Amino acid sequence: MPHSSSSAPRDSSRGVRLARGASPWLLPTVATAAVSLTQARRSGRWAALAVPATALAAGMLWFFRDPDREITQGRVISPADGVVQSIMPWKDGRTRVAIFMSPLNVHVNRAPMAGTVTSVEHVPGGFVPAFNKESENNERVIWHFDTELGDIEMVQIAGAVARRIVPYIDANTKVEQGERIGLIRFGSRVDLYLPEGVEVAVEVGQATTAGVTRLDRG
């Protein structure tokens, strides 16, 4: 996996790029669309294929968009685009904020705080829908960050469609707040555990934007 650096610049423009890790899905669909469009004038079969192939390619381009963001100033910011699914106090004093990402959301996740990635652990599991309680046993990647608030845990959870999580960086890498750290293909969920004493600033049902929505109050 490629490494990142603490010297990486913050997103400051409004451009849109394609997410790293999208090519296994994107390239075949775009290639099929291009071939079918080229051959459409010569064959009715190719013309019939061109419409759904082009629509699928356009959908893939939309799914794997990766817009630049003006990163919000705050202690803890959202790692994911989506909707707050649940806010649950944990026995150890932490609070888990679960963010559900639909297929229409941006799938690139960002660092909730500046710090050092102390571990990136892949845990095999199932693929039930991410909004299902049983999704806690799904395929997932568990992140730990050493930050000014101490250890911050973040979990990327695959869903029924999202069967591949692509971390962009390794353990022992320093990250800036809001820096891109990984991709979950298609719909999924991201859980963030806020340390004891940190008051949650969002509510269940509230939309979040990675790198923009502040999760803590203070």
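Select Val84 first, a residue that lies in strand S3 of what is a predicted model. Val84 is buried, with a relative accessible area of 2%, because the cut-off for that word is under 20%. If you show its surroundings, leaving aside residues up to four places away in sequence, you will find that Val84 touches Val97, Ala98 and Ile99, and also a group that includes Val202, Val204 and Thr208. A C-alpha distance drawn from Val84 to Phe100 gives 6.3 Å, although 16 residues separate the two along the chain.

**The hairpin of S3 and S4**

Next, colour strand S3 (82–89) together with strand S4, which covers residues 95–101. These strands form a hairpin with five residues between them, and they run antiparallel, joined by six bridges. To see how the two strands line up, pick Val83, which stands opposite Phe100 in S4. Then move to the turn and select Gly93, whose phi is positive, at about 100°.

Stay in this loop between S3 and S4 and select Asp92, which has its place there. Asp92 is partly exposed, with a relative accessible area of 43%. Its side chain is joined to the side chain of Arg94 by a polar contact of 2.8 Å. From Asp92, look also for Pro195, which is 103 residues away in sequence but has its C-alpha atom 9.1 Å from that of Asp92.

**From S4 to S12 and the whole sheet**

Now select S4 alone, a strand that is mostly covered, since six of its seven residues are buried. On adding strand S12 (residues 188–194), you will see a partner that runs antiparallel to S4 and is joined to it by seven bridges. Two places help to fix the register of these strands: Val97 has Leu192 in S12 as its bridge partner, and Ile99 stands opposite Val190 in S12. Strands of a sheet pair through backbone hydrogen bonds, either parallel or antiparallel.

With these strands in view, widen the selection to the open sheet of eight strands, whose order is S10-S6-S7-S8-S12-S4-S3-S14, with antiparallel pairing. Its edge strands are S10 and strand S14 (207–208), each of which pairs on one side only.

**Two aromatic pairs**

Which aromatic pairs should be shown next, and how many does the structure hold? There are two. For one of them, select Trp90 and Tyr193, which form an edge-to-face pair with 5.4 Å from centre to centre and 80° between the planes. This pair links distant parts of the chain, as Trp90 is in the loop between S3 and S4 while Tyr193 is in strand S12, 103 residues apart. Trp90 is partly exposed, with a relative accessible area of 31%, whereas Tyr193 counts as buried at 8% relative accessibility.

For the other pair, select Trp143 and Phe145, whose ring centres are 6.0 Å apart and whose planes are at 5°, so the pair is stacked. Trp143 counts as buried, at 0% relative accessibility, and Phe145 is likewise buried, with a relative accessible area of 0%.

**The nonpolar cores**

Keep Trp143 and Phe145 selected and add Ile181, for these three have the most contacts inside the largest nonpolar core, which has 32 residues. At least two residues of this core come from each of S4, strand S7 (140–147), strand S8 (150–158), strand S9 (165–167), S11 and S12. Around Phe145, residues up to four places away in sequence again being left aside, the neighbours that it touches include Ala111, Pro112, Val117, Ile152, Met154, Val175 and Ile181. A second, separate core has five residues, among them Val123, Ile142, Val155 and Ile157. In soluble globular proteins, nonpolar side chains tend to be buried together.

**A last stop at Glu179**

To finish, go to the loop between strand S10 (173–175) and strand S11 (180–184), where Glu179 has its place. Is Glu179 buried or exposed? Glu179 is buried, with a relative accessible area of 11%. A polar atom of its side chain lies 2.8 Å from the backbone nitrogen of Glu176, and showing these two atoms with a distance label completes the tour.

Key: Residues are numbered from 1 along each chain as its sequence is written. This is a predicted model: local features need pLDDT of at least 70, side-chain atom pairs count only at pLDDT 80 or more; totals for chains, interfaces and linings use all residues. Side-chain values use heavy atoms; hydrogens and water are left out. Helices (H or I, at least four residues) and strands (E, at least two) are DSSP runs, numbered from the N terminus. Buried means under 20% relative accessible area, exposed over 50%, partly exposed in between (1.4 Å probe, protein chains only). A polar contact is a pair of N or O atoms within 3.5 Å; within protein, one must be able to donate a hydrogen and the other to accept it, and residues adjacent in sequence count only if both atoms are side-chain atoms. Two strands pair if DSSP finds at least two bridges between them. Rings of Phe, Tyr and Trp (its six-membered ring) pair if their centres lie within 6.5 Å; planes under 30 degrees apart count as stacked, over 60 as edge-to-face and the rest as tilted. A nonpolar core is a set of buried Ala, Val, Leu, Ile, Met, Phe, Trp, Tyr and Cys residues joined through side-chain atoms within 4.5 Å. Contact means heavy atoms within 4.5 Å.
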